[in-house]
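This report describes a structural model through its strands, its nonpolar packing and its aromatic contacts. Please consult the sequence and the coordinates alongside the text.

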Amino acid sequence: QVQLVESGGGLVQAGDSLSLSCEASGRAFSMYAMGWFRQAPGKERELVAAISWGGRNTYYGDSGKGRFTISRDNAKITVDLQMNSLKPEYTAVYYCAADPQSSRASWLVPRSPHEYDFWGQGTQVTVSS
């Protein structure tokens, strides 16, 4: 079992930067691909960024390309999301997620929320204009 706890959300202005962190519990974390998703009111949950358990492979959703950076520290069992040049349309609850099925290959980067088995409670990010 993996427990995920997000932190770092808050209220910022457009153009600001914000760093989110997800702390995991459980020894197997280092073998799981991790992802950051977001969900705005009335919209579907979408992938922001994901990283393989090996840490060398990443994937960014359209909104994250060029603006966000995902990283992980398997020793500290954390995965971080650095967000730059934030826009009001990025306002959403941001979730951290873990995919245990990706342990079979260090390069796997799952993109669908259905591939992730463990989820955090989410952290609110609000970007004002």
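Which residues does tryptophan 119 touch, not counting residues up to four places away in sequence? Tryptophan 119 touches Leu4, Phe37, Arg45, Tyr95, Cys96, Ala97 and Pro113, where contact means heavy atoms within 4.5 Å.

The model is predicted: local features need pLDDT of at least 70 and side-chain atom pairs count only at pLDDT 80 or more, while totals for chains, interfaces and linings use all residues. Residues are numbered from 1 along each chain as its sequence is written, and side-chain values use heavy atoms, with hydrogens and water left out.

## Aromatic pairs and charges over rings

A pair of aromatic rings is described by the distance of the centres and the angle of the planes. Here, rings of Phe, Tyr and Trp (its six-membered ring) pair if their centres lie within 6.5 Å; planes under 30 degrees apart count as stacked, over 60 as edge-to-face and the rest as tilted. The structure holds 6 aromatic pairs. In one of them, the ring centres of phenylalanine 37 and tryptophan 119 are 5.0 Å apart with the planes at 55 degrees, so this pair is tilted. It joins distant parts of the chain, as phenylalanine 37 belongs to strand 4 (residues 33–39) and tryptophan 119 to strand 10 (residues 118–119). Strands are DSSP runs (E, at least two residues), numbered from the N terminus. The two residues are 82 residues apart in sequence and 9.8 Å apart in space, C-alpha to C-alpha.

Accessibility is classed as buried (under 20% relative accessible area), exposed (over 50%) or partly exposed in between, with a 1.4 Å probe and protein chains only. Phenylalanine 37 counts as buried because its relative accessibility is 0%, whereas tryptophan 119, at 25%, counts as partly exposed. Ring pairs link both residues with Tyr95 and Tyr116 into a cluster.

Two arginines are placed over rings, a term that requires CZ of Arg (or NZ of Lys) within 6 Å of the ring centre and within 35 degrees of the ring normal.

| Charged residue | Ring | Distance to ring centre |
|---|---|---|
| Arginine 45 | Tyrosine 95 | 3.9 Å |
| Arginine 72 | Phenylalanine 29 | 4.8 Å |

## Nonpolar cores

In soluble globular proteins, nonpolar side chains tend to be buried together. A nonpolar core is a set of buried Ala, Val, Leu, Ile, Met, Phe, Trp, Tyr and Cys residues joined through side-chain atoms within 4.5 Å. The largest has 30 residues, and those with the most contacts inside it are Leu4, Met34, Trp36, Leu81, Met83 and Tyr94. At least two residues of this core come from each of strand 3 (18–25), strand 4, strand 5, strand 7 (68–73), strand 8 (78–83), strand 9 (92–99) and strand 11 (123–128). A second, separate core of 6 residues includes Leu47, Ala50, Val109 and Tyr116.

Beyond four places in sequence, leucine 4 has contacts that include Cys22, Met34, Cys96, Phe118 and Trp119.

## The open sheet

Two strands pair if DSSP finds at least two bridges between them. One open sheet of 4 strands has the order 1-3-8-7 with antiparallel pairing. Strand 1 (3–7) and strand 7 stand at its edges with a single partner strand each, so one side of each lacks a neighbour in the sheet.

Strand 1 and strand 3 pair over 5 bridges, with valine 5 facing its bridge partner glutamate 23 in strand 3. The covered face of strand 1 carries Leu4 and Glu6, and the uncovered one Gln3, Val5 and Ser7. Strand 3 and strand 8 are joined by 6 bridges, and leucine 20 stands opposite leucine 81 in strand 8.

A further 6 bridges join strand 7 to strand 8. These two strands form a hairpin with 4 residues between them, and isoleucine 77 in the turn has a positive phi of about 50 degrees. Side chains alternate along strand 7: Phe68, Ile70 and Arg72 point to one face and are buried, while Thr69, Ser71 and Asp73 point to the other and are not. Arginine 72 stands opposite valine 79 in strand 8.

## Two loop residues

Serine 52 lies in the loop between strand 5 (46–51) and strand 6 (58–60) and counts as buried at 0% relative accessibility. Its contacts beyond four places in sequence include Arg72 and Val109. Methionine 31, in the loop between strand 3 and strand 4, counts as partly exposed at 34% relative accessibility. Methionine 31 touches Trp53, Ser102 and Ser103, residues up to four places away in sequence not being counted.
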